[in-house]
Amino acid sequence: MTFDYKVADLGLAEFGRKEIRLAEHEMPGLMAMRAQYGESKPLAGARIMGSLHMTIQTAVLIETLTVLGAEVRWVSCNIFSTQDHAAAAVVVGPEGTAENPAGVPVFAWKGETLEEYWWCTEKALRWPGNSAGDIGPNMILDDGGDATMLVHKGTEFEKAGVVPDPSTADSEEYAVVLTVLTRTLAEDGQLWTGIGQGIKGVTEETTTGVHRLYEMHKAGALLFPAINVNDSVTKSKFDNKYGCRHSLIDGINRATDVLIGGKVALVAGYGDVGKGCAESLRGQGARVIVTEIDPICALQAAMDGYQVTTLDEVVGIVDIFVTTTGNKDVITADHMANMKHQAIVGNIGHFDNEIDMAGLYKTAGIERINIKPQVDEFRFPDGHTIIVLSEGRLLNLGNATGHPSFVMSNSFTNQVLAQIELFVRTSDYPTGVYVLPKHLDEMVARLHLDALGVKLTELSKEQAAYLGIPVEGPYKSEQYRY
Ligand code: NAI
């Protein structure tokens, strides 16, 4: 079989396949989806373009989607997050060989440039024409919203008949996006409109991507329905929290091997990700300080026993800084100039603008010393240095391998259910942003209990009647916050 793909090295596929085999055992939710839907193939006819960190766990997701009947093309949603052995194994597929790959087209490798990243995204969105003459996917599975954004921006420019000028972009990355759009508009002025019209829906993985979707919907610009997977309870209250609790310190350790115990760590943001990060740093014996803008989250942090103050107050005493806000300019170049010698600075939020890297690069007299891939020391004119992880991009995927399989099984089971919902029951979802119904959320949790030896108490009929809920659930109202 021949198909297009671009990964680092197909020779890594065997290693990838071995790790996929181990991961499958740790992903009971995804394996249950295969058992339940492998024969009926509800995704037959689906052409899913996925933009989500190309890791071993994602490989199990991709292969679950194909077992359910989908055709898939995939990219990573971050330039540093691909695990090259996972990408290779997915291209080769369970039945193929490095010489004769028979898997799924993947366009992803660790350490892409921004130009390569957007090339990959465009490539995966452009389905090679088939007999029906399709030009794009009919489903997107997104993480952070880059694929969705490209289709929307392209459509917007095409409809307005405007060719964008990359020199007007407000960031280096957006200039790259505009360059892609300028070229494709010159090639075919209806490309993105056509792709947008063919898409039945998108399922979005993360807080930042969901935020973008609600903004587009509010502005009346959303082109197709979306399922907000992030706000399934079994996603954000697990992956964002327990996943980061695991992978934050994994990233810091692999990058620096600095002893965390006894150090002062600062976590900016005390949402789901911040809660997991603060707990993991405290678990290592760090004295953790939290910053927040939201009084409720600030109060939660205080009651959980953390000092809550502003970054300006403590910038000179902190050893490890972690941003988790999904906001921009949280750590400025000025903050970095005032940090302790060899302070570690990292971000675990979705985009790299939480730390003002552009401002840091522009600081006069600064020297950048690369220690190893994704670890850089910056020396200020006064001689002090700071250590920046993954150039300010999410460090748990740049410096380590992201969240472990078991927690991703929860997130990705929600993704599979959301893809089925939008693909099969398209007419039930007029353009808008939805969350999965609670019974499916509870089902995802249920699928993960046995593996942990959890014995669930069953409601009696009388108890169910007393509480006014069905014996089989859902057990909580929509307002319940967990
Ligand atoms: P969230 O909305 O629950 O939490 C973010 C918190 O940051 C909020 O409580 C907000 O009040 C606070 N915040 C905003 N601006 C701030 C500022 N200037 N200073 C201090 N605090 C501020 O969002 P969640 O789910 O915790 O996600 C955070 C980010 O992490 C998002 O970008 C999300 O996409 C990303 N994410 C990354 C993962 C990873 O594996 N690296 C996994 C899951 C989410």
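**Rings, a cavity and a covered helix**

Pro 437 is partly exposed, its relative accessible area being 28% (buried means under 20%, exposed over 50% and partly exposed in between, with a 1.4 Å probe and protein chains only). The model is a predicted one, in which local features need pLDDT of at least 70 and side-chain atom pairs count only at pLDDT 80 or more, while totals for chains, interfaces and linings use all residues. Residues are numbered from 1 along each chain as its sequence is written, and side-chain values use heavy atoms, with hydrogens and water left out.

Pro 437 lies in the loop between strand 15 (433–434) and helix 18 (helices, H or I with at least four residues, and strands, E with at least two, are DSSP runs numbered from the N terminus). Its C-alpha atom is separated by 35 Å from that of Tyr 306, 131 residues apart along the chain.

Helix 18 (438–446) returns in the surroundings of helix 2: together with helix 1 (13–25), helix 3 (56–67) and helix 17 (405–424), it is included in what covers the buried residues of that helix (contact means heavy atoms within 4.5 Å). Those buried residues of helix 2 (residues 28–37) are Pro 28, Gly 29, Leu 30, Met 33, Arg 34 and Tyr 37.

Aromatic pairs number 8 in the structure (rings of Phe, Tyr and Trp, the last by its six-membered ring, pair if their centres lie within 6.5 Å; planes under 30 degrees apart count as stacked, over 60 as edge-to-face and the rest as tilted). One of them joins Tyr 117 and Trp 118 edge-to-face, at 5.1 Å centre to centre and 85° between the planes. Tyr 117 counts as buried at 2% relative accessibility, and Trp 118 is buried at 1%. Tyr 429 and Tyr 434 also form an edge-to-face pair, with 4.9 Å centre to centre and 85° between the planes. Here Tyr 429 is buried at 11%, whereas Tyr 434 is partly exposed at 23%.

Tyr 117 also appears in the lining of the largest cavity, alongside residues including Cys 77, Asp 146, Glu 173, His 350 and Arg 393 (on a 1 Å grid over the protein atoms alone, a cavity is a set of points where a 1.4 Å probe fits but cannot get out; lining residues have an atom within 4 Å of a point). The volume of this cavity is about 100 Å³, where volume is the space filled by probe spheres set on the points, joined across faces, edges and corners.

Methods
1 Å grid on protein atoms, 1.4 Å probe; cavity = no way out; pocket = protein on both sides within 12 Å on 5 of 7 lines; lining within 4 Å.
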